[in-house]
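Please consider the structure shown below. The account that follows proceeds from its interior towards the ligand.

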Amino acid sequence: MSQVGQLAAQVVNNSDQKDLLRLSWGVLSVDLEDTGLMLMANLFKMSPGSLGKFARLGDVSAGKANSKLRGHAITLMYALQNFIDSLDDVDRLKCVVEKFAVNHINRQISADEFGEIVGPIRAVLKARMGSYFDEDTVAAWAALVAVVQAAL
Ligand code: HEM
């Protein structure tokens, strides 16, 4: 099996991690748009090098007032929703991840650069989950991100 398939199977077969992903997604998706904007703001703050890749979006410091950034933030969150909806089916998770990877390969995003999203995800979880935040939840998201990284 390919590395993407192996990592996808690990996620699908780990019910504890899937519970954590679904529980935290339930919290993050309540305010989908602002959570997406928060995730992008965290990425730009924690990995300033990523800004160069997002030149099309213009002045990202404008936040929600920047309609291109706003559109990107919303689209990004629906991509995550696609992953969450595929957690019980290895083939489905794999094909969604591979489709999603193409969009990033076309933008010359390496696996290492993509992995830089884990820190920003951790910060979003911390802000949104309050006393329910824990490192196991971060690890569950990192396992999902690793499936995408394997496809890059
Ligand atoms: C949770 C992680 C991520 C998700 C869910 C995500 C999702 C998406 C989606 C849905 C698109 C639009 C697809 C398209 O226009 O073809 C996109 C575009 C893009 N992504 Fe990601 N992405 C993630 C992480 C990253 C990271 C870490 C980087 C760079 C370091 C990155 C760089 C880009 C760039 C440059 C674009 C094109 C933006 C534009 O000009 O519209 N992404 N991403």
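In this predicted model, L93 offers a convenient point of entry: setting aside residues up to four places away in sequence, L93 touches A8, V11, V12, F83, S86, L87 and V147. L93 also belongs to the largest nonpolar core, a set of 31 residues in which A8, V11, L93, V97, L144 and V147 touch the most other members. Two or more residues of this core come from each of α1 (3-12), α2, α3, α4, α5, α7 and α8 (135-151). The greatest share is that of α8, which gives 6 residues to the core.

Among the contributing elements, α3 merits a closer look. Helix α3 comprises 15 residues, 32-46, and at 1.5 Å a residue these should span 21 Å; because the C-alpha atoms at its ends are 21 Å apart, the model agrees with that expectation. Within α3, the residues T35, G36, L37, M40 and L43 are buried. The elements that cover these buried residues include α2 (15-28), α4 and α7 (118-129).

The description now turns to the ligand. Around the ligand lie 17 residues, of which S50, K53, R56, A79 and N103 come nearest. By character, the residues of this shell divide into 7 nonpolar, 5 polar and 5 charged. At least two shell residues are supplied by each of α4 (67-84), α5 (90-105) and α6 (111-115). The most come from α4, with 5 residues. Helix α4 therefore links the parts of this account: α4 gives two or more residues to the nonpolar core, is included in what covers the buried residues of α3, and gives the most to the shell around the ligand.

Technical notes
Residues are numbered from 1 along each chain as its sequence is written. This is a predicted model: local features need pLDDT of at least 70, side-chain atom pairs count only at pLDDT 80 or more; totals for chains, interfaces and linings use all residues. A residue is near a molecule or strand if its C-beta atom, placed from the backbone, lies within 6 Å of it. Helices (H or I, at least four residues) and strands (E, at least two) are DSSP runs, numbered from the N terminus. Ala, Val, Leu, Ile, Met, Phe, Trp, Tyr, Cys and Pro count as nonpolar, Asp, Glu, Lys and Arg as charged, and the others, Gly among them, as polar. The expected span of a helix is 1.5 Å times one less than its number of residues. A residue is buried if 20 or more other C-beta atoms lie within 10 Å of its own, exposed if 12 or fewer, and partly exposed in between; C-beta atoms are placed from the backbone. Two residues are in contact if their C-beta atoms, placed from the backbone, lie within 7 Å. A nonpolar core is a set of buried Ala, Val, Leu, Ile, Met, Phe, Trp, Tyr and Cys residues joined through C-beta atoms within 7 Å.
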